[in-house]
Structures are given as structure tokens and as C-alpha cells.
Amino acid sequence: MFAVTGITGQVGAVVGAKLLERGLPVRAVMRNEEKAGSWRERGAEIAIAEMTDAAALADAFAGAEAVFLLIPPAFDPAPGFPQAKILIEALKTALVKAAPKKVVCLSTIGAQAKEENLLTQLGLVEQALSELPMPVAFLRAGWFMENSVWDIAPARDGVMPSFLQPLDKPVPMVGVRDVGAVAAEMLQQDWTGKRAVELEGPYRITPLQMAEAFATVLGRPVQAETIERDAWEPLFRSQGMQNPGPRMRMLDGFNEGWIEFEGGEAGSRKGETTFETAIRALVERG
């Protein structure tokens, strides 16, 4: 039995689908019944559990060969990341009680960075889960190509605004289908102790090249334009963020280069999905 959290999201859905395609039993762990129907029809067992409910999680993980963990993202965390710490304690308690044979956790590029930023939350997850008694693997993914869904509307008007800068700096990005496929593969592997797999796309891409890809997909000229750093905080606050500092420091980390894979570009595994392919899929889905 493979217990998969986050199965109603983009990555988790790929993980669940890949396992079911192999004829493997899947327990779909979700917060409520609303999205259970399609997974039940595909043959998955359903378990309902909030990610902060240790008892419910322990029941969901019980008897599992492997557990896939996808931590719900918090883009506007309170200072000190209290929400992440509550979730971490619930997961640790549940995993110790359920004692699955192994755990694969979706993490991020830069999880090991010393500078505090938005991704520090997953660094805390890695530190805590590394103390578990069973084998644990972390899949450190690059910047998701699908984050650019927010750029489609302005790109249709000819401009792709970019927090990533300078515009000619290559960025380690990855498609969600590659992330889900590698996670499903890792769940079926055996290892001892702790391991980390770092994953990005087939090549790194600059914001200028991202704009070119938008132009190709949309069939019209698209120009990349930087959003100056002085504008970030008022912009984020106008969008409702209470604590934009961690998000700003994450962007700084990519732009300044201190958010990077531990093994660098040479040490990362490469996926197959190109940025253009990912954007075309997003545009076709509307």
C-alpha cells in the first residue's frame, strides 16, 4: 500500500496516477470527501485526514509500504513559521506511530540554505523528518514551471513581468509531471538512512527565454520586464500578504544565487519537460 498525501494537487495527482498505472495499491490521503470520487473510481482507497491531525494521519499511514508527503505551501507565513512547526510535529507523531517502511517527502531546491526565506519551512521539515527511524528520502525540486500560470494574462498583452532578475540569469526550473514521476519512482525504490534527490528541467532558462517561450505559445511578441525590488513589498502587501519578508528573501536567493541545489547544476537529476511544453499545457487548459 502506498499512502499519497496532496493527491488532489498537481504533483500528488501524478504520483497517484503513476502508481495506479503500475497496478499498485494506493491510499489517497485528503482533507475532505469532495474530491474523493474520481480517485475511488480509479481504484484508490480513501483516507480523510488534516495534515495537522496526528491521529488521523497515523490511521491513514498505517500498514503502508511507503508514504509520500507533500507539505501544504504557506506563502505568507507568520514570523518563526509556527504553522509549519505544528504540521511537522503532527507528521512526526503520525509516522512514528504508523511506522511505514519508508517515506518520500517533496522538498525544494535551497532547503539547505542558511539564509532564512520562504523555503526555510521545508528546511525545517527535512531536519525534523531526518530524525525518523525509517528510511526517508527528500525530493528537492527546482522552481515549478507551472508557477508561470500567473504570467499568462499579462503575456497575452505583450509583457511578462519578472521577479526573477537579471533577465539573462538562468533559473533552475522543473515541470510538475517530472516531479510526480520521479516521486513515484522513488517510492518504489529501497534505500537505507536518509537521501536527497535534486531535480530540475532538461536545461536552465532565463526570464528572457521564458518570454520567448510565451511568444511562441501565444503567437505574439512578449517582452520580459523586471519588477524592481523596491516595488515588491508594497505590491505584496496590496495583494493581502501580512509578512512578505520571507517571500522577498526567497526571490533574493534565486537572484543572488544562494538558493541552489546542494550538488549544483552538475549534481542534479534532469527531467524531460521543457518550459515551452509546460506553458503550452497551461494555455491549452485555459
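Here are some friendly notes on the cores and helix packing of this predicted model.

1. **The main core.** A good place to start is the largest nonpolar core, which has 38 residues. Those with the most contacts inside it are Trp-143, Met-173, Phe-214, Val-222, Met-250, Phe-254 and Phe-275. At least two core residues come from each of α6 (152-156), α8 (207-218), α9 (232-238), α10 (245-256) and α12 (275-285). Which helix gives the largest share? That is α8, with seven residues.

2. **Val-222 and the other core.** If you would like one residue to click on, try Val-222. Leaving aside neighbours within four places in sequence, Val-222 is in contact with Ala-155, Gly-158, Val-159, Met-160, Ala-211, Phe-214 and Ala-215. Another core, of 33 residues, lies apart from the largest one, and Phe-68, Leu-70, Ala-137 and Val-182 are among its members. As background, nonpolar side chains in soluble globular proteins tend to be buried together.

3. **Helix α4 on its own.** Spanning residues 82-98, α4 has 17 residues. From first C-alpha to last, α4 reaches 24 Å, close to the 24 Å expected at 1.5 Å a residue. Just after this helix, Ala-99 has a positive phi of about 50 degrees.

4. **What is buried in α4.** The buried residues here are Ala-84, Leu-87, Ile-88, Ala-90, Leu-91, Lys-92, Ala-94, Leu-95 and Ala-98. You may like to look at Lys-92, a lysine in that buried set. The cover over the buried residues of α4 includes α3 (54-61), β4 (66-69), β5 (102-108) and α5 (120-129).

5. **α3 against α4.** These two helices pack with their axes 8 Å apart, at an angle of about 40 degrees. Angles under 35 degrees would count as roughly parallel, so α3 and α4 are oblique to each other. Their crossing is right-handed. On the α3 side the contact is made by Ala-54, Leu-57, Ala-58 and Phe-61. On the α4 side it involves Ala-90, Leu-91, Thr-93, Ala-94, Leu-95, Lys-97 and Ala-98.

6. **α1 against α7.** How do α1 (residues 10-21) and α7 (residues 176-187) pack, and at what angle? The angle is about 45 degrees, with the axes 8 Å apart, and α1 and α7 are therefore oblique to each other. α1 passes α7 in a right-handed crossing. From α1, Gln-10, Val-11, Val-14, Val-15, Lys-18 and Leu-19 take part. They meet Val-176, Arg-177, Val-179, Gly-180, Ala-181, Ala-183, Ala-184 and Leu-187 of α7.

Key. Residues numbered from 1 in each chain as written. Predicted model: local features only at pLDDT ≥ 70, side-chain atom pairs only at ≥ 80, totals over all residues. Heavy atoms only, no water. Core = buried A, V, L, I, M, F, W, Y, C linked by side-chain atoms within 4.5 Å. Buried < 20%, exposed > 50% of the residue type's maximum accessible area, 1.4 Å probe, protein only. Helix = DSSP H or I, 4+ residues; strand = E, 2+ residues; numbered from the N terminus. Contact = heavy atoms within 4.5 Å. Expected span 1.5 Å × (residues − 1). Axes fitted to C-alpha atoms, helices over the stretch in contact; angles between N-to-C directions. Parallel < 35°, antiparallel > 145°, perpendicular 65-115°, else oblique. Left-handed = near helix turned anticlockwise from the far one by under 90°.
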